[in-house]
Structures are given as structure tokens and as C-alpha cells.
Amino acid sequence: MKIAITGKGGVGKTTFAAMISRLLAEEGYSVLGVDADPDANLALALGFPKQLIDEIVPISEMKNLVAERTASTPGTFGTMFKMNPKVSDIPEQYCKEYNGVKVLTMGTVDTGGSGCVCPEHVLLKTLTSHLILGNKDVVVMDMEAGIEHLGRGTAKFVDAFIVVVEPGERSLQTYRKVKTLAEDIGVKKIFVVANKIRNEQDEKFILENVHEDECLGFIHYNPNIVDSDRSDLSPFDSNEQIKKEVQKISDKLKGAL
Ligand SMILES: Nc1ncnc2c1ncn2[C@@H]1O[C@H](COP(=O)(O)OP(=O)(O)O)[C@@H](O)[C@H]1O
Ligand SMILES: [Mg+2]
């Protein structure tokens with residue numbers, strides 16, 4: 001199962017990515033969480049201790065690794081480098097693991113407009129397709145907010161996109177854009193997780209805007225999630241109700257893939 005979690009900023013992508021990763025790990029899957037947001041915080045939401053987080057270096061910032069694998073010289077542009085760098089050992093060697101979930105942080109590449117081809121970019125792209133085409137049980141990609149990453153095609157090989165929305169018009173608008181663009185790049189399955197639901201009206205509002213088959217389920221607004229964020233804890237450990245909600249969503253997803 002390879003899924004990319006996307007949606008508007010602040011809707012709960014990282015929270016949900018962390019919770020479903022923890023759940024699947026508890027169920028015995030080998031889970032790799034890929035933090036593809038330049039403003040990376042997936043490890044934090046997974047409950048990684050601070051010390052371990054400090055040890056995480058984004059792949060794009062590993063200058064020596066990038067140079068070695070692409071046979072390029074750091075900081076130079078316009079020179080020749082390998083377009084098919086070896087990446088197969090990177091996930092195991094450079095991920096950090098906690099609570100049964102492995103995490104790889106991609107980092108960011110200054111693409112300087114469209115069509116950038118630099119060694120970092122080539123390495124990240126090759127790594128992403130390797131992760132997705134490889135034989136890992138589960139890959140959960142926590143994407144950056146919005147729709148820009150879709151243009152880069154980073155996630156086009158995933159089995160499904162999960163768009164996290166809240167009961168509001170703005171995040172639904174992002175969902176509609178993601179849906180259109182994802183279809184354009186060939187992602188066939190798009191699902192919605194509705195987060196921060198407060199009451200029945202909220203659920204009704206979501207179902208007026210999202211087809212029932214496409215809606216994997218609801219996660220209620222939960223003060224325990226806010227508290228866990230404040231205390232640098234994993235929201236997954238904060239409350240049994242949340243676990244149940246994520247379980248339902250995960251089961252529906254498995255049935256639909
Ligand atoms: N169901 C929820 N109930 C209450 N707060 C939530 C819920 N889901 C997420 N949050 C809070 O919303 C904020 C944004 O969540 P986050 O997962 O970082 O969003 P994103 O990754 O989409 O930017 C965080 O402070 C998080 O604790
Ligand atoms: Mg996030």
C-alpha cells in the first residue's frame with residue numbers, strides 16, 4: 001500500500017499520516033513514513049524523541065551522498081551527472097525508526113522555477129520512485145500543503161491520494177483541485193479523510209461535497225490531539241476514540257485498494 005497524504009495547510013495531514021502509520025505498524029506492517037514536506041514534522045507527530053529528531057538529516061541536505069550517488073561536484077551546475085543514481089540502500093541506511101515506524105525525510109530542493117534538473121532533484125525523484133515501486137509493505141508520504149507538488153509528479157506512482165479536509169469550503173476547494181490534477185497525472189484513486197469534525201452538521205456538509213465511496217471517514221475535533229501537539233507527543237497515543245476513528249478509516253482504505 002502506497003499512499004500520499006495531501007490537502008490544504010493546517011488541515012491535519014501530518015497528524016493523520018502519523019496516526020495511520022502508527023496503526024499499520026501496530027497491525028504488523030512494515031511502515032515507511034516519508035516526510036516530503038520541506039517544513040518537516042512527521043517524526044514529531046510520530047512521537048520521536050527530540051534527540052532522535054535532531055539526528056535526522058534530510059536526504060537533499062546530505063551533500064556528500066548526493067554528490068557520491070550522482071557523481072556530481074557539490075555546488076556546480078551545468079556539469080554532467082548520473083540521471084539514474086543508485087538509491088536502493090538509502091531507505092534502510094538513512095531512515096530513523098521509532099514506535100515501529102521508519103521515517104525518511106526528503107528535504108527541499110530549490111527548483112528555481114520549472115524544469116530544474118539538479119543532482120539533488122534527480123536523487124529525490126529516483127528515490128521516490130524506488131520507494132513506491134519497491135516491495136515495502138506500506139509507504140505513507142506526508143506531502144507539503146497545496147497542489148504544487150503535483151506538478152512535480154513526485155507522487156504520481158502511489159496507489160492513492162488521501163486528501164485531508166476540514167468542514168469548510170477552503171479545504172474542499174483544495175480537494176477539488178487535487179482531484180483534477182491527480183487525475184491528469186494518472187493517479188486513479190482519490191480519497192478524503194474529514195478531520196476536525198465537531199458535529200452532525202459538519203459530517204453532513206462533508207457528504208454534500210464528497211461522494212460517500214470516496215470519503216474514508218471522519219476524525220472528530222479532539223482536544224487531546226491539541227494537547228499531544230503541545231507536549232510533543234504522538235496524537236495516536238492521546239486517546240482511544242481517535243484510534244478507533246483511524247482504524248475505521250484504515251479498514252475502509254484497505255477494502256478500497
Ligand atoms: N482532529 C483534530 N482535533 C484537534 N486538533 C487537530 C486535529 N487534527 C489536527 N489538529 C491540529 O491542527 C494543527 C495542524 O495539524 P497538522 O497535522 O500539522 O496539519 P498539516 O500537516 O496539514 O499542516 C496541529 O496543531 C494539530 O495538532
Ligand atoms: Mg504537515
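Among contacts in the chain between residues at least 6 apart in sequence, 75% join residues at least 24 apart, where two residues are in contact if their C-beta atoms, placed from the backbone, lie within 7 Å. This is a predicted model, in which local features need pLDDT of at least 70 and side-chain atom pairs count only at pLDDT 80 or more, while totals for chains, interfaces and linings use all residues. Residues are numbered from 1 along each chain as its sequence is written, and chains are lettered from A and ligands numbered from 1 in the order in which they are written.

Show the whole chain as a cartoon, and you will find eleven helices and eight strands, which are DSSP runs numbered from the N terminus (helices are H or I, at least four residues; strands are E, at least two). Of its 257 residues, 42% count as buried; a residue is buried if 20 or more other C-beta atoms lie within 10 Å of its own, exposed if 12 or fewer, and partly exposed in between, with C-beta atoms placed from the backbone.

Next, select helix α1 (residues 13–26) together with helix α11 (residues 240–256), whose axes come within 10 Å and cross at roughly 80 degrees; these axes are lines fitted to C-alpha atoms over the stretch in contact, and angles run from 0 to 180 degrees between N-to-C directions. Where they meet, Met19, Ile20, Leu23 and Leu24 belong to α1, and Ile242, Val246, Gln247 and Ser250 belong to α11.

Keep α1 in view and add ligand 1, which is surrounded by 17 residues, the closest being Gly12, Lys13, Thr14, Thr15 and Asp229; a residue is counted here if its C-beta atom, placed from the backbone, lies within 6 Å of the ligand. Helix α1, strand β7 (189–197) and helix α10 (223–230) each supply at least two residues of this shell.

From there, move along β7 to Lys196, a residue other than glycine whose phi is near 60 degrees, a positive value. Lys196 is buried, with 21 other C-beta atoms within 10 Å. Then select Asp232, in the loop between α10 and α11, where phi is near 55 degrees and again positive; with 13 C-beta neighbours inside 10 Å, Asp232 counts as partly exposed. Most residues other than glycine have a negative phi.

Finally, select His121 in helix α6 (residues 119–133), which is partly exposed, with 17 other C-beta atoms within 10 Å. Add His220, and the C-alpha atoms of His121 and His220 are 38 Å apart in space, with their positions 99 residues apart in sequence.
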